[in-house]
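The following paragraphs are best read beside the coordinates. Please keep the sequence and the model in view while following them.

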Amino acid sequence: MKLRLESFGELRLIDLTGKPVAFPEKGLLAICYLLDRYLQDGAGSEYPRSALARFLWDSHDNPDIMANLRKTISRIQARQTELGTELLVFTATGVRIKPDAFVCDLFELAKPDGDGALEKLRRLVAVLCQDFLAVLADQSVSTRQWIAGQRDKHMAILVDALKTALPAARSREDVSLIKEAALRIFRDAPDDENIRRILLEAYESEGQLENARRLFDASRHGLESALDVGLDVQALGEVRKVFAGSQSPPSVMELPSDGGGRAPRPLPRLVLLPPGGMDAAGALPMLSGPLIEDVTIGLCALNTVSVVAPHTAARIARNADKAELILRHSISYVLDTRLTDHAGIATLFVQLIHAGGDEVIWAERFSLEKYDLISHRRDIARRIARELAGQVRRHETMRDSFEGNSAAYHSYLLGLRDVKRLSLPDIRRSRKAFREALQHSAHFAPALSGLSRTFLVEWLLTARGDSELLGLAEDYANRAIVADPSLAAGFRELGVAKLYLGDIDESVLALKLAEELGPHYADGIASYADTLVHASRPADALAKIERAISLNPLSPTDYLWTAAGANFALGHYAEALEQISAMDDRTPADRLSAACWAMLGDTKNARLYMRKVREIYPDFDVDKWLSVVPFKEQWQKEQYREALRRAGF
């Protein structure tokens with residue numbers, strides 16, 4: 001009778017009725033091994049007994065392995081006689097298989113491509129739903145290595161079949177098959193960017209983006225748990241950019257068509273800008289410049305980063321448009337340095353900025369007292385170099401997105417520039433740029449999070465309580481998180497959206513996670529501070545916003561706005577006005593200015609700012625506005641209501 005050998009999942013023989021047939025496990029393993037060789041060579045050549053013994057029992061010198069083989073052969077031959085069939089043929093020196101005597105699931109992998117691409121993929125998915133030889137009682141080192149190699153080969157076959165089938169996928173059923181194949185590959189290769197992209201496309205076409213997010217999160221947490229490490233593994237490489245360098249697909253989905261391996265990526269470029277700031281006399285400027293040169297020289301020995309020469313760095317520092325030069329020279333990281341007076345002591349303030357996201361990822365102050373700098377200059381240089389090398393290495397996954405698609409990146413930078421200006425024309429111009437970035441790369445996570453921010457800022461500026469804007473902000477934030485769960489900006493925007501949707505506790509949790517993902521992400525910490533104001537924790541908010549300002553001393557307008565809001569809630573009205581006065585554009589804070597002046601008893605100034613607000617928003621209504629601005633505790637609403645009423649609203 002003709003038996004069926006199943007090798008995926010449990011290794012076993014099946015008869016015509018579907019019932020298992022007893023057979024020595026070593027014999028079945030030998031059949032799989034010899035069948036693989038047969039399928040490769042295309043001929044049933046004899047395999048030496050000694051080589052088979054070494055494969056099964058893993059020893060070159062142990063004479064027992066030949067005795068073990070003889071016993072196994074005896075059991076196999078006896079069982080074959082009972083079954084009335086011969087699967088393995090033994091000679092005095094060798095062994096060969098009789099492939100015509102049985103059928104095997106491995107034949108499905110070697111079947112000629114007579115079917116269509118989708119049918120072939122369906123057949124492979126059915127065979128490969130379980131791991132090859134998933135359950136074996138006893139394995140030698142050679143056996144384990146061979147099994148691992150076979151599994152890799154099987155996955156490569158499935159990937160090729162998936163790549164071939166993608167252009168033909170049109171119907172809902174086709175997309176479901178594509179997703180099933182991608183899920184199978186994802187199980188073995190959760191950090192494969194192309195597979196993540198295909199899954200994301202498939203889930204999106206089915207309206208199940210949240211399922212994709214949960215899948216990627218579960219994969220990340222599973223790896224972290226298995227390795228007993230936390231977010232550092234994620235930053236180092238487990239969660240890669242999903243759509244780095246991809247173009248919007250013309251069909252349902254597509255994979256890169258090149259057959260070779262991935263080309264080596266360029267090293268991230270780092271520029272160390274010489275110190276600016278304090279007009280100090282004497283040795284300080286003379287010594288702080290060479291200190292940065294020492295750091296540059298130390299970093300040049302590394303093979304993980306490309307350092308811009310000091311001469312070019314100095315020219316960039318002197319240029320009025322540093323951002324344009326940084327973009328032109330494909331610089332990934334900037335170490336900005338500044339001489340400051342901190343508590344009466346001259347210090348060197350350094351902050352490492354990821355140029356793509358304008359994100360501060362590390363900051364530190366170093367004393368520049370004369371004896372400290374002269375005696376410990378090399379120690380300070382080594383410490384800065386060590387920190388820089390570590391921080392750049394931990395942020396390497398960011399490089400995939402930012403350098404993988406220059407057109408998307410360029411549009412993204414334009415959007416990033418405009419979104420920081422809190423006016424409606426700038427916000428809408430920023431939105432257009434982010435949309436252009438997404439036309440080049442449909443799931444470019446930084447652009448998705450940027451788009452989310454434009455809707456949030458427009459909601460704040462218009463003060464109309466437009467729930468559609470908040471819904472769009474939440475949707476794009478979720479898309480950014482799905483596209484890249486390691487990007488703190490996505491969680492930041494989700495937290496802000498949740499805040500204005502009234503889910504204050506969820507907002508705090510999302511922004512807490514953003515801070516964990518980016519402990520030096522000044523913008524994320526600033527948003528966390530803003531949420532804490534609304535969570536009726538103004539003292540905590542003030543501490544957070546001061547931390548954000550310390551990371552980003554030349555603070556954008558919204559930092560100062562948040563600091564002013566925290567001070568207002570604490571009853572520090574003069575301090576709030578001081579923060580507002582430092583804003584480049586004070587217009588967005590006119591309501592808050594009117595409220596502060598009113599609470600200080602200055603009716604003239606309060607009325608002045610009230611009229612400014614009315615000029616821009618003639619239909620502004622206090623009760624309507626307070627009904628949509630969330631505060632966890634009622635006392636904050638009443639404080640704001642009283643202040644605005646006193647101001648004349």
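Helix 23 and helix 24 run roughly antiparallel to each other, because their angle is about 155° and angles over 145 degrees count as roughly antiparallel. The model is predicted, with local features needing pLDDT of at least 70 and side-chain atom pairs pLDDT 80 or more, while totals for chains, interfaces and linings use all residues. Residues are numbered from 1 along each chain as its sequence is written, and side-chain values use heavy atoms, without hydrogens or water.

Helix 23 covers residues 538-551 and helix 24 residues 557-569, and their axes (lines fitted to C-alpha atoms over the stretch in contact) lie 9 Å apart. Helices here are DSSP runs of H or I with at least four residues, numbered from the N terminus. In contact (heavy atoms within 4.5 Å), P538, A541, L542, I545, A548 and I549 of helix 23 meet Y559, T562, A563, A566, N567 and A569 of helix 24. Of the residues in this contact, ten are nonpolar (Ala, Val, Leu, Ile, Met, Phe, Trp, Tyr, Cys or Pro), two are polar (neither nonpolar nor charged) and none is charged (Asp, Glu, Lys or Arg).

Helix 21 spans residues 504-517, and its end C-alpha atoms are 20 Å apart. This agrees with the 20 Å expected of 14 residues, the expected span being 1.5 Å times one less than the number of residues. Its buried residues (under 20% relative accessible area, 1.4 Å probe, protein chains only) are I504, S507, V508, A510, L511, A514 and L517.

T72 belongs to helix 3, residues 64-83. T72 counts as buried because its relative accessibility is 3%. Leaving aside residues up to four places away in sequence, T72 touches K26 and W57.

Conventions
Axes are lines fitted to C-alpha atoms, for helices over the stretch in contact, and angles run from 0 to 180 degrees between N-to-C directions. Helices (H or I, at least four residues) and strands (E, at least two) are DSSP runs, numbered from the N terminus. Angles under 35 degrees count as roughly parallel, over 145 as roughly antiparallel, 65 to 115 as roughly perpendicular and the rest as oblique. Buried means under 20% relative accessible area, exposed over 50%, partly exposed in between (1.4 Å probe, protein chains only).
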